[in-house]
Amino acid sequence: GMDYGDNLFRFALFAWASLEAPLCVPAIAPFGEDVVFVANDWQTGLVPLILTSHYRRYRCFGNARCIFVVHNMGYHGVYPNPPRWEVPKFSFQDFGLRDNAYYDKYLWTFPVDERPSKGRDPRDDGEAIKLLRGGMEMADRVVTVAPSYKDEIQSYEGGFGMHDTARGRSYHLDGILNGIDIDDWDPSKDPHLSHHFSADDMTNKTLCKQSLQSELGLNQKADTPIIAFIGRLAPQKGVDLIEQILGWLLAGDHLGVTGDVQLVMMGSGDGHYCEFLKNAEAHNKGRVVGYVGFTPEMERKIIAGADILIMPSRYEPCGLPQMYAQRYGTIPVVHATGGLKDSVVQYDPFADAPPEEEEGEEEGEGRGE
């Protein structure tokens with residue numbers, strides 16, 4: 001779909017409502033002023049502005065603090081000012097504030113080659129506001145959804161043009177790894193599974209695999225590993241990498257890749273990748289499933305029945321499927337980036353191997369003497 005034309009006003013109204021709620025929402029008692037506002041992503045970027053420019057100015061929420069959480073640095077919430085050339089520029093006064101204070105914290109200028117006129121029209125000065133930038137600048141603390149992602153957003157490669165903003169808040173920037181509800185994601189009692197299992201008894205995981213193969217129309221082959229992908233169909237998720245290696249994965253090579261594998265992909269998003277999923281299944285019936293769409297029930301069935309979960313993301317602020325997979329005894333194979341690096345332990349086949357060679361060398365040296 002498309003954005004609403006008045007989205008900026010809508011998000012401003014949402015921010016005002018969020019700040020008013022602790023003072024007036026009925027509960028056992030109103031929360032009052034001693035609260036912490038947790039603002040998530042650019043859609044809430046105006047919360048710390050209104051908190052500072054309005055409420056604190058009038059001695060309200062003096063002890064309150066605002067934590068701004070960056071879930072994905074790739075989405076900034078950019079709004080040109082003016083929205084169209086034929087209308088005047090807006091200011092924060094248009095959203096109910098007393099003046100235009102702190103506008104500079106949100107100000108951003110489109111590069112000339114990204115402006116509609118390409119610099120040919122003097123009215124097109126490229127001025128805009130970035131809600132993500134303002135939220136990061138104005139909040140009392142900034143948090144990312146993984147410790148490694150905190151470092152990545154301060155880099156040129158991972159900052160999406162806002163690495164300087166992230167570095168400028170480094171003293172007040174931290175990363176806290178997301179988590180999952182292990183009571184909800186519990187294969188021993190998950191109501192969506194045909195059979196239940198646990199870390200102590202994995203026997204029924206094989207039966208979950210058989211049920212998945214039957215439901216999705218895959219060949220009933222217990223010894224063939226099922227590789228699963230679940231995610232948004234977008235370049236960030238590395239779907240194009242799966243597209244590139246599909247033929248090799250299914251055909252095998254002389255280096256040990258057998259081609260004896262089944263692939264289940266589920267997600268929605270970019271039209272090109274939706275077609276890829278459909279075509280991959282159509283040309284490989286019984287071996288490949290391209291499930292365009294998403295249901296929580298099918299997600300659980302896939303994770304329980306698969307042997308391997310792949311996440312070839314180019315960047316991943318945190319990610320949750322890799323955590324679900326480990327909970328359900330499915331091996332996550334991920335790109336070491338962001339929260340994937342923090343939540344999946346790198347397998348080292350030699351880490352616990354006894355140093356036989358070294359011992360042999362020492363014994364040999366002893367016998368030689």
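Select Thr165 to begin: with a relative accessibility of 10%, this residue counts as buried, because the cut-off for that class is under 20%. The model on display is predicted. Thr165 belongs to helix H6, which covers residues 163-168. Now show what surrounds the residue: leaving aside residues up to four places away in sequence, Thr165 touches Arg133, Met136 and Glu137.

Next, select helix H4, residues 131-138. This helix lies across strands S3, S4 and S5, and runs at about 55 degrees to S5.

Keep H4 in view and add the strands beneath the selection. Strands S3, S5 and S4 form an open sheet in that order, with antiparallel pairing. S3 (78-80) and S4 (107-109) stand at the edges; each has a single partner strand, so one side of each is left without a neighbour in the sheet. From one strand to the next, the twist averages 40 degrees.

For a detail of this sheet, select S4 together with S5, residues 127-130. The two strands run antiparallel and are joined by 3 bridges. One place to look is Thr109, whose bridge partner in S5 is Glu127.

Move on to a set of parallel strands. In general, the strands of a sheet pair through backbone hydrogen bonds, either parallel or antiparallel. Select strand S2 (residues 65-70) and strand S6 (residues 141-144), which pair in the parallel sense over 4 bridges. Within this pairing, Val69 stands opposite Val143 in S6.

Leave S6 selected and add strand S7, residues 173-175. S6 and S7 also pair in the parallel sense, here over 3 bridges. Label Thr144 and Gly175 to see one point of this pairing: Thr144 stands opposite Gly175 in S7.

The last stop is helix H1, residues 7-24. How far apart are the end C-alpha atoms of H1? They are 25 Å apart, which agrees with the 26 Å that its 18 residues should span at 1.5 Å a residue.

Colour the buried residues of H1: Asn7, Leu8, Phe11, Ala12, Ala15, Trp16, Leu19 and Pro22. An α-helix has 3.6 residues a turn, so residues three or four places apart point the same way. To see what covers the buried residues of H1, display strand S1 (36-40) and helix H2 (47-55), which are included in that cover. S3, S5 and H4 are also included, and this returns the tour to the helix that lies across S3, S4 and S5.

Conventions. Residues numbered from 1 in each chain as written. Predicted model: local features only at pLDDT ≥ 70, side-chain atom pairs only at ≥ 80, totals over all residues. Heavy atoms only, no water. Buried < 20%, exposed > 50% of the residue type's maximum accessible area, 1.4 Å probe, protein only. Contact = heavy atoms within 4.5 Å. Pairing = 2+ DSSP bridges. Axes fitted to C-alpha atoms, helices over the stretch in contact; angles between N-to-C directions. Expected span 1.5 Å × (residues − 1).
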